[in-house]
Amino acid sequence: MRNKTVLISGASIAGPATAFWLNRYGFTTTVVERAPELGKGGQAVDFRGAQVEVLRRMGLLEEVRRNQTAMGEQRILDADGRHVFSLPSSFAAGEVEIQRGDLSRILYEATKDRTEYVFGDRITSLTETGEGVRVTFAHGAPRTFDLVVGADGLHSGVRTLAFGPEEKFRKDMGYSFAGFTAPNHLKLDHVGLMYNLPGRGVMVASHRNGAEATVGLVFATDMREVDRRDIKKFLAELYRGIGWEVPKLIEAMWRADDLFFSPLCQMHLEHYTRGRIALVGDAGWGAGPGGSGTGMAMAAAYVLAGELAEAGGDHRVAFPRYEREVRPGAEAGLKQAKNTGPFLAPKTAKGIWLRNQMHRLLASKMMVAQLDKMALKAANVLAPSDYVVATNETASSRDMEAPRPKAAS
Ligand SMILES: Cc1cc2nc3c(=O)[nH]c(=O)nc-3n(C[C@H](O)[C@H](O)[C@H](O)COP(=O)(O)OP(=O)(O)OC[C@H]3O[C@@H](n4cnc5c(N)ncnc54)[C@H](O)[C@@H]3O)c2cc1C
């Protein structure tokens, strides 16, 4: 095989998923992760259609199901906190939903015996030579790999080093998200609540253990007004004077030790590969919430490894094919996620009313079936092809078969 050693940056979803498939095809993988350990918790992420098929092909579907959130309906509340209507669970939770941290752990467990994981380090430079990529790290000694994969998320370090500064690709969506864990004082049981005032949304759900709830705040943002030095203070001011359960949730926010804040933005790139370097997942096409980013990252990992294996490790053949395969799905996700901010936090009272009217209609039985069909169609844009190559389970990497034409999928 031409290129054998692959360095992957990022150990969340796209990174371990890429390592999983590369290992299966006989590549040697190293994952470097900036954080000192795997990320825990995180938002719930869902899979449908072809994305579920990828989990099945990995042999991980049952494990994912064992850890699923089993989330029920999403209740939309009015300004007084009264239940107006419900969105069915499939609307947000797909066929199977799991917390991102749980999925990350499952992927790590499935790869740790064959992949070298290096936590608490990051790539500082990438120099391509004719033979490979010379890599320097913030802490570890320099090393050379045949290929490098950037699976290090929306603010990817590999993308910056190999493709240029983030500003070149970034599109701000005008909304931000903050999430944290709070006591489940509303006694929610596999149910989500959504409450709105113009430009500000509050989501509370509980699906993990009865004692905890996850809280999400989505709000229209002018980043010039956000004081990043003290996000808690900024959020408390933004949500001050709001009724319903908001004061209690904000009180819980002050005590939370897992507050996550992120302005919603997207990355639009013309290419996902350059030379010996490829981007997978949010690093390449981060869409934000509502963009099926997780399912897409896992499907793309499958495609990248499959194309490399089928091309006998020749990135010059595999990378253009990879780009062609994943682009339609990546772009569908970017398009889909554009509506997330306006849906979760309409900017005017009229906008909230209109959203509720429309979704009340969509929540009717007939429309739900229609909506599920549309969501399935979007998830199936990147359907997994069959890569006809020997795997590590059937042959050693040295015995890998020569590339054969792709089977009809
Ligand atoms: C608020 C919010 C809600 C979302 N909701 C959903 C949802 O409901 N459904 C869904 O499918 N998707 C959702 N997404 C998107 C989803 O989280 C991502 O698409 C998915 O996590 C992509 O995985 P990834 O591995 O590409 O990137 P990430 O999960 O972001 O992982 C990147 C990894 O790289 C590491 N890293 C970063 N920089 C470096 C560096 N320089 N060197 C080494 N390591 C580095 C990070 O620590 C992290 O471990 C949501 C996103 C947000 C922000």
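This report describes the surroundings of the ligand, several paired strands and one buried residue in a predicted model.

**Around the ligand**

The shell around the ligand holds 35 residues, and those that come nearest are Ser12, Gly153, Gly157, Gly281 and Gly293. Sorted by character, the residues of this shell comprise 13 that are nonpolar, 15 that are polar and seven that are charged. At least two residues of the shell are supplied by each of helix 1 (14-24), strand 2 (28-33), strand 3 (44-47), helix 9 (282-285) and helix 10 (293-310), and helix 10 provides the largest share, with four residues.

**Strand pairing**

Strand 2, one of the elements that contribute to the shell around the ligand, pairs with strand 1 (residues 5-9) in the parallel sense and also runs parallel to strand 7 (residues 116-119). Between strand 1 and strand 2, the chain passes through helix 1, and the resulting β-α-β crossover is right-handed. The table lists these two pairings together with that of strand 9 and strand 10, and gives for each one pair of residues that stand opposite each other.

| Strands | Bridges | Sense | One residue pair |
|---|---|---|---|
| Strand 1 and strand 2 | five bridges | parallel | Ser9 and Val32 |
| Strand 2 and strand 7 | four bridges | parallel | Thr30 and Glu116 |
| Strand 9 and strand 10 | three bridges | antiparallel | Arg134 and Thr144 |

Strand 9 (residues 133-137) and strand 10 belong to an open sheet of three strands, arranged in the order 8-9-10 with antiparallel pairing. Strand 8 (123-128) and strand 10 (143-145) stand at the edges of this sheet, and because each has a single partner strand, one side of each is left without a neighbour in the sheet. On average, and with direction ignored, neighbouring strands of this sheet are turned by 30 degrees against each other. As a general rule, the side chains of a regular strand alternate between the two faces of the sheet.

**A buried residue in a loop**

Phe27 lies in the loop between helix 1 and strand 2. Is Phe27 buried or exposed? Phe27 is buried, because 26 other C-beta atoms lie within 10 Å, where a count of 20 or more is required for that description. When its neighbours within four places in sequence are left aside, Phe27 is in contact with Lys4, Val6 and Leu22. Although Phe27 and Ala309 are 282 residues apart along the chain, their C-alpha atoms are separated by 8.6 Å.

How values were computed. Residues are numbered from 1 along each chain as its sequence is written. This is a predicted model: local features need pLDDT of at least 70, side-chain atom pairs count only at pLDDT 80 or more; totals for chains, interfaces and linings use all residues. A residue is near a molecule or strand if its C-beta atom, placed from the backbone, lies within 6 Å of it. Ala, Val, Leu, Ile, Met, Phe, Trp, Tyr, Cys and Pro count as nonpolar, Asp, Glu, Lys and Arg as charged, and the others, Gly among them, as polar. Two strands pair if DSSP finds at least two bridges between them. Axes are lines fitted to C-alpha atoms, for helices over the stretch in contact, and angles run from 0 to 180 degrees between N-to-C directions. A residue is buried if 20 or more other C-beta atoms lie within 10 Å of its own, exposed if 12 or fewer, and partly exposed in between; C-beta atoms are placed from the backbone. Two residues are in contact if their C-beta atoms, placed from the backbone, lie within 7 Å. A crossover is right-handed if, with the strands pointing away from the viewer, the path from the first strand over the helix to the second runs clockwise.
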